[in-house]
Amino acid sequence: MCGIVGIVGRQAVAPMIVEALKRLEYRGYDSAGIATIEHGHLDRRRAEGKLVNLEDRLRSRPLIGHTGIGHTRWATHGVPNESNAHPHFSDDRVAVVHNGIIENFRELRDELIADGFHFASQTDTEVIAHLVARGLRDGLAPKEAARAAISRLRGAFALAILFKDEENLLVGARNGPPLAIGHGDGENYLGSDAIALAPFTNTITYLEDGDWCALSHDGIDIYDVDGRPVERAMQKFIGSSLLVDKGNHRHFMLKEIYEQPEVISHTLANYVDFVAERALAREALPFDFAGLERIAISACGTAYLAGLVAKYWFERYARLPVDIDIASEFRYREMPMPKNGLALFISQSGETADTLASLRYCRAEGQHIGAVVNVRGSTIAREADIVFPTLAGPEIGVASTKAFTCQLSVLAALAVAAGRARGELSAEAEAGLVRALGEAPRFANQALKLEGQIEKIAHDLSKVRHVLYLGRDTSYPLAMEGALKLKEISYIHAEGYAAGELKHGPIALIDEDMPVVVVAPHDHIYEKTVSNMQEVAARGGRIILITDERGAAECSVNPEHLLVLPDMPEIIAPIVYALPVQLIAYHTAVIMGTDVDQPRNLAKSVTVE
Ligand code: M6R
C-alpha cells in the first residue's frame, strides 16, 4: 500500500524522487520521506502527512545526494508520525524503504534488541535496516548482508536498500507487492509501478516474487530466491498512457468521472465487433464457455460490485451460474472447485493482495484463470491465463469510477459471448445486445448532464448522518456502489440494500430524517421497486429517485428529488447509472470539504491483507 522509489543517479536525485512519489501518493499518504547518500554519509528528510509537507522541508533543507530512496506511507505498524516515516536507518550505515508487512517482525525485533540494536520507530520495517546492518557488522559485503536479511523476512514486502559507503549500489527485493526496475542511460531506478518511473524511462522490468536485484549506474543484476542470477523480460510502456494530470478539473475523481464516455467506448471497442454485431469474436479463449458448469468470481470493493452485476448478466444471458465472493473471504473459504472451471478476478490495480491470493488458490485448484485488470503488467495480469484489460487509463482518485464502468463493459461483453457460445442467445439476440452496448457511451454522456441537479441533492445529503441506497437486480450492486462511494469520500454513513430486503429489518431505520437513494431504471422488475419505494414513502422516508423517462412517468410515489435519464436498453443501465451515483458522492464530499482524491485511512492499491 505504500509507494517506494530508488534511484542510482548522476545528479541530485531528491527532486526526481519527489516527482516519482507524487505518482505513487495514491498508494498511501500518511507520511513521506527521502534519504540520499551525501559525501559518504546518509541523510534524510521525513514529514508527517502528505508529500507537500516533505517538499516544504526539502525546500528549506535540500538533499544533494546522487543516489537515494523515497517512500510514501500507508500506516500498518505504528501511527503516521515522523519517527515512523520511512526511510529507516540503522547504524547510520543502512537506509530502507518498504511496502508490505513483515509478519515475523516481533521475533526479529526481540532478537535484534538482544543483540544491542536500538529501535527508533514502532514500524516493522526498522527490523530490516537492523538486520542488514548486523550483516555488515558481521563482515558481510553489502549485497550479501542484504540477501541474508531478506532471507530472514516472512510476509509481504517490496524493498529498496541504500548503503552509506556504496554510492553506486541500490538493492531491491520483492515478495508479494510489485517492484519495477526502470532502465535508464547511466542511471537506473526502482519503483512500485511503471507510472512512478514514467518521467525517467519507459523501459521496465518487473521483479518476480522472491527476486532481489542490485542496481548501479551501468548495471542491473537480478537474482532469484536461491540467489541464482536470472533474466527477467523488459517491457516498453507508451509514455502517453502513463501521463497523470488533473487537466482543468478540480479533482482527479471528477476528471475520471468525465472520462467515462470515452473510456467505456474505447474498452467496448476492444471486445465488441460493432460491424459484425458480435462480442469477443476475435478473442481466442483458453476455455470454452459452452463446457463450463459455473464461474467463480472474486474481487474486492468496487471491483467486487462489478462482479456482482456480472453475475446477473452471466446467469441471465448465458444461463451460466456464478459464485461471487469478496476475495478476502474466498481465499480462506476452501471452496471445492469444478474440474477445468473458470475463475475470474476483477481488479483495477491488479495488485490487491486478497484478490491475488484468491487467484493463487484457484490456480492450485486447477482452474482456468481470467483477469479483468486495468494496470497492465500488474501481478494479477501476469499470473492470469488470459487478461481482459479495461482501457480506463490510469485511475488516480482513490474512489474507483471509470475503472468500474470499464470493468462492467468488459464483463457485459463476456456475458454476451458466453450466451452465444452456450446457445442461449441467437445471432439476432446477440446483435441486439451488442447494439445496446454501443449506446452506453452516448447515454453516459447524457448522465453527466445531470450534474447541476446532483449538486442540489448533494447539499441536502451533506446535512445528514446516514443515507440508505436501494436497488433490485443489477441496480442492487449499484446501490451498494453508491453507498460505498459516499462512505469513502464524504465519511457519511451509508448502506446499500436490495430493495426487497428492506422489510426484513432496515425499514426500521426509515423516518423523515433518512434520505433513501433509489436506483431504479424502468426494467423488468421496476414495479417491484416502486412497491418498495411506497413502503419507504409511507414511513416518511425522503426518496431520491434515479430512473428513466418511463420510470418517472409511471412512478406512483412523490420523490423529494428526481433524476431522470433517457430510456435505455436494460443491459447498459448499470454502466450508465453508475455516473449519477458517483456524482452524488463526489459533490457531497466536495461540500463536506473532505479530501476527495485521497480520503482518510484509504489507499488506492491494497497490497496488504
Ligand atoms: O485495485 P482493485 O480494483 O483490486 O481494488 C479493489 C478495492 O480496493 C477498490 O475497488 C476500493 O473499494 C475503491 N476504493 C472503491 O472506490
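Which residues does A392 touch, not counting residues up to four places away in sequence? The first close-up has the reply, and the others visit further corners of this predicted model.

**View 1. A392 sits in a loop and has company from elsewhere in the chain.**
The loop in question runs between β21 (386-389) and α13 (402-421). Leaving aside residues up to four places away in sequence, A392 touches E259, V263, T267, N374, K402, A403 and C406. Take T267 from that list: 125 residues separate T267 from A392 in sequence, yet their C-alpha atoms are 7.2 Å apart in space. With a relative accessibility of 3%, A392 counts as buried.

**View 2. Helix α3 has a buried side and an exposed face.**
Look along α3, which spans residues 105-114, and find F105, L108 and L112, which are buried. These residues cover an arc of only 65 degrees around the axis, so they lie on the same side of α3. What lies over them? The cover for the buried residues of α3 includes β6 (94-102) and α4 (126-137). Now turn to the face pointing away from the buried side, where R106, D110 and A114 are exposed. After α3 comes G116, with a positive phi near 95 degrees.

**View 3. The ligand is surrounded by 14 residues.**
Which of these residues come nearest to the ligand? They are S347, Q348, S349, T352 and E488. Polar atoms of the protein meet the ligand too. A polar backbone atom of T302 is 3.1 Å from an oxygen atom of the ligand, and a backbone N or O atom of V398 lies 3.1 Å from a ligand nitrogen. K485 takes part through its side chain, where an N or O atom is 2.9 Å from a ligand oxygen. On its own the ligand has 410 Å² of accessible area, and the protein covers 90% of it.

**View 4. Two helices help to build the shell around the ligand.**
Both α9 (301-317) and α17 (475-490) supply at least two residues each. Which helix gives the most to this shell? That is α9, with 3 residues.

**View 5. Some cysteines are buried, but the disulfide count is 0.**
A disulfide is a covalent bond between the sulfur atoms of two cysteines. Here the count comes to 0. Why does C362 not form one? The closest cysteine sulfur to that of C362 belongs to C300 and is 13 Å away, which is too far for a bond. C362 counts as buried, because its relative accessibility is 0%. C555 also counts as buried, at 16% relative accessibility.

**View 6. The backbone takes a cis turn at P87.**
The peptide bond joining H86 and P87 is cis, with omega about -5 degrees. P87 belongs to the loop between β4 (67-73) and β5 (88-90). Follow the chain on to the loop between β5 and β6, and you meet D92. Although D92 is not a glycine, its phi is positive, at about 55 degrees.

**View 7. D473 has a positive phi without being a glycine.**
The phi of D473 is about 60 degrees. Where is D473 found? Look in the loop between β22 (466-471) and α17. Is D473 buried or exposed? Its relative accessibility is 10%, so D473 counts as buried.

Definitions and conventions
Residues are numbered from 1 along each chain as its sequence is written. This is a predicted model: local features need pLDDT of at least 70, side-chain atom pairs count only at pLDDT 80 or more; totals for chains, interfaces and linings use all residues. Side-chain values use heavy atoms; hydrogens and water are left out. Buried means under 20% relative accessible area, exposed over 50%, partly exposed in between (1.4 Å probe, protein chains only). Helices (H or I, at least four residues) and strands (E, at least two) are DSSP runs, numbered from the N terminus. The arc is that of the directions from the helix axis to the C-beta atoms. Contact means heavy atoms within 4.5 Å. A disulfide is a pair of cysteine sulfur atoms within 2.5 Å. A residue is near a molecule or strand if one of its heavy atoms lies within 4 Å of it. A polar contact is a pair of N or O atoms within 3.5 Å; within protein, one must be able to donate a hydrogen and the other to accept it, and residues adjacent in sequence count only if both atoms are side-chain atoms. Accessible areas come from the Shrake-Rupley method with a 1.4 Å probe; for residues, only the protein chains shown count as cover.
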